[in-house]
Amino acid sequence: MTPTGTRRSKIRPPRKSLASSSTVSSSTEAVVDFDKNWEILQNAISQIQNKNVSNLSYEQLYRKAYLLVIRKHGEQLYEKVAETVKEHLLQQRANLLQTSVNAEVFMQALLQEWDEHLQSMKFVGDVLMYLNRVYVKEQKRLLIYDLGIQLFKDNVIMYNNNEVGSKMTEIILDEIRKSRNGEVITSNMYITKLISMMELLIENNYASEIPFGDNYYQTIFEPVFLSSSESYFTDLVREFVSLNLGSKYLHSVTQFIRSEENRIKMYLPLSSHSKLTNLMNNILIKDKIDGIMLASNEGLDYWLKPILHNALQNRGNPELYHFTDLKMLYHLVGRIDDEYQILRLRLKDAITAQGGTLPEWVRNSLDSSSSSSVSSSSSSSSSSSY
């Protein structure tokens, strides 16, 4: 959404007859009653926040704000607007916390409050457009719309030691954990929208019109999410290894990675994709794949033996090969090593070890062939004698 104050509006400033009044005698300035004009503007802001806008005259409200600005009440008006918005948000925050019993209801309520707040700040920004153009620009303050986002962050999400933010993070992490465990969740849309909201909650400087620092997602949510993911991956890989079956490990890891990559694309911004992917690859593959290949129970030697056996005895019978396992092994290793160095090393060792069994296999094969020939000759002689 384009911040108010950066686009054109149909509202026009008063004509010269009104604007020129600022140059009249100083006694005229006393006629401008800030409290009286502010009371009208404050009531209008409250009506906007409560979605009662049908009876408001934006032209008249704009002119009152315009008059206060040209009479040098810009700072007072700006601070009063911030105070009014803050009070409203604190009340909405209290109402929001009452819905925290049900996770999905809480997410829905938080998103609704966020959407309605942005809409109300857009309208407020329209009314205070001249404040944005003059006072905000000259004093390098936040635009009214951006001020509203900052106030939402400070007085809804992070207020009282990040109470709402912590609840939101806890719910999102729990929903993702359920999805990782194979449960079907119905909150995908809410998670995606909440993460998008976090990205808009930028750490702003009230003394500058230029945002600085990272957003709420980067500074608060992402570190917690990555830490939680690390713990989950560690427990998961421990479970896979406990199966003590190399083939089962390959299948389980491959299936999980495929599902996790779908979640990454659905929920996370691009800035997090490589971080979570590297974390997952390191824990599930890099730290364990060599041990899996060396395992005596369904390791690389097990996957390669049918190749040698079939090459010598059962040619043309691909069902006896472990092609699927070897293909998964190749793809998994490729995720952590473009040059496949560890796989090359283990293949060399395994092939060398299996190659050492060829002389014995040849001798056994020749002995078996000789025995068969002798048996065949004896049988032929007996038949001839008969």
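The exercises below go through a predicted model of one protein, each with a worked solution.

Local features are taken at pLDDT of at least 70 and side-chain atom pairs at pLDDT 80 or more, while totals for chains, interfaces and linings use all residues. Residues are numbered from 1 along each chain as its sequence is written, and side-chain values use heavy atoms, with hydrogens and water left out.

**Exercise 1. The whole chain**

Task: State how many helices and strands the protein has, and what percentage of its residues count as buried.

Solution. Start with the elements: there are 18 helices and zero strands. Helices (H or I, at least four residues) and strands (E, at least two) are DSSP runs, numbered from the N terminus. Next, take burial: 40% of the 386 residues count as buried. Buried means under 20% relative accessible area, exposed over 50%, and partly exposed in between (1.4 Å probe, protein chains only). Then turn to the surface: its accessible area is about 21500 Å², and carbon and sulfur atoms hold 50% of that. Areas come from the Shrake-Rupley method with a 1.4 Å probe; for residues, only the protein chains shown count as cover. Last, look at contacts (heavy atoms within 4.5 Å). Among contacts with a separation of 6 or more, 74% join residues 24 or more positions apart.

**Exercise 2. Two residues of helix α9**

Task: Describe phi and the exposure of Asn160 and Asn161.

Solution. Place the residues: Asn160 is in helix α9 (residues 159-180), and Asn161 lies in α9 too. Read the angles: phi is near 60 degrees for Asn160 and near 60 degrees for Asn161. Both values are positive, in residues other than glycine. As background, most residues other than glycine have a negative phi. Finish with exposure: Asn160 counts as partly exposed because its relative accessibility is 47%, whereas Asn161, at 73%, is exposed.

**Exercise 3. The length of helix α16**

Task: Compare the expected span of helix α16 with the distance between its end C-alpha atoms.

Solution. Helix α16 (residues 323-336) has 14 residues. The expected span is 1.5 Å times one less than the number of residues, so for α16 it is 20 Å. The end C-alpha atoms are 21 Å apart, which agrees. The buried residues in α16 include Asp325, Leu326, Met328 and Leu329. Leu332, Val333 and Gly334 are buried as well.

**Exercise 4. Residues and their contacts**

Task: Locate Glu222, Tyr190 and Leu56, and list what each touches beyond four places in sequence.

Solution. Glu222 sits in helix α11 (residues 216-242). At 5% relative accessibility, Glu222 is buried. Its contacts are Tyr217, Ser271, Ser272 and Lys275.

Tyr190 belongs to helix α10 (residues 188-200) and is buried at 14%. Tyr190 is in contact with Glu104, Met107, Gln108 and Leu111. The C-alpha atoms of Tyr190 and Leu111 are 7.7 Å apart, although 79 residues separate the two along the chain.

Leu56 is in the loop between α3 (34-49) and α4 (58-70). Leu56 touches Ala44, Gln47, Ile48 and Leu61. From Leu56 to Ala44, twelve residues apart in the chain, the C-alpha distance is 7.1 Å.

**Exercise 5. Cavity and pocket**

Task: Give the volume and the lining of the largest cavity and of the largest pocket.

Solution. Set the terms first. On a 1 Å grid over the protein atoms alone, a cavity is a set of points where a 1.4 Å probe fits but cannot get out, and a pocket is an open set with protein on both sides within 12 Å along at least five of seven lines; lining residues have an atom within 4 Å of a point. Points are joined across faces, edges and corners, and a volume is the space filled by probe spheres set on them.

The search finds one cavity of 30 Å³ or more. The largest cavity has a volume of about 30 Å³. Its lining consists of Ile176, Arg180, Phe225, Glu260, Arg263, Ile264, Tyr267, Leu268 and Leu276. Two or more of these residues come from each of α9 and α12 (246-267), and α12 gives the most, four.

The largest pocket holds about 210 Å³. Among its lining residues are Ser179, Arg180, Tyr232, Lys248, His251 and Arg263. Here too α12 gives the largest share, seven residues.
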